Amino acid sequence: TSENVVHPNGQYGISNIDTTIEGTSDEITVRNAASLRRQIVKLNRRLRLLEEENRERARREMIMYSITVAFGLLNSWLWFRR
């Protein structure tokens, strides 16, 4: 439906206001909010998994680095003993 409206600055105009569209836009907003909330939950879960994988990888790298250094030191010690 079209309605005549007076703007705050005193100008007149025609506004196409439809209450069914407003109700629908509220429903769409609620659905969009729910959808965004689900996406945020999924992203948070994925981020938590990636952070855990990164910590695990860093731990494995530290272990491999320690083993490599220990092996190098052992080889050097055995070589100097000859």
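Here are three short exercises on this predicted model, each with a worked solution.

Some ground rules: residues are numbered from 1 along each chain as its sequence is written, and side-chain values use heavy atoms, with hydrogens and water left out. Since we're dealing with a predicted model, local features need pLDDT of at least 70 and side-chain atom pairs count only at pLDDT 80 or more, while totals for chains, interfaces and linings use all residues.

**Exercise 1. Find where confidence is lowest and highest in the chain.**

Start with the average: pLDDT (the predictor's confidence in each residue, from 0 to 100) comes to 83 over the chain, and 72% of the residues score at least 70. Next, go by element, using DSSP runs (helices are H or I, at least four residues; strands are E, at least two; numbered from the N terminus). Strand S1 (residues 2-6) is lowest, at a mean of 50, and helix H1 (residues 19-81) is highest, at 91. Where pLDDT is low, don't read the predicted coordinates in detail.

**Exercise 2. Work out how Glu27 and Arg31 meet.**

Both residues sit in helix H1, 4 residues apart, about one turn of the helix. Their side chains form a salt bridge at 3.9 Å, N to O (the cut-off: a side-chain nitrogen of Lys or Arg within 4 Å of a carboxyl oxygen of Asp or Glu). The structure holds 4 salt bridges.

**Exercise 3. Check the secondary structure of residues 33-60.**

UniProt lists this span as "coiled-coil region" in an unreviewed entry; such annotations may be inferred rather than shown by experiment. In the model, residues 33-60 are 100% helix and 0% strand, with end C-alpha atoms 40 Å apart.
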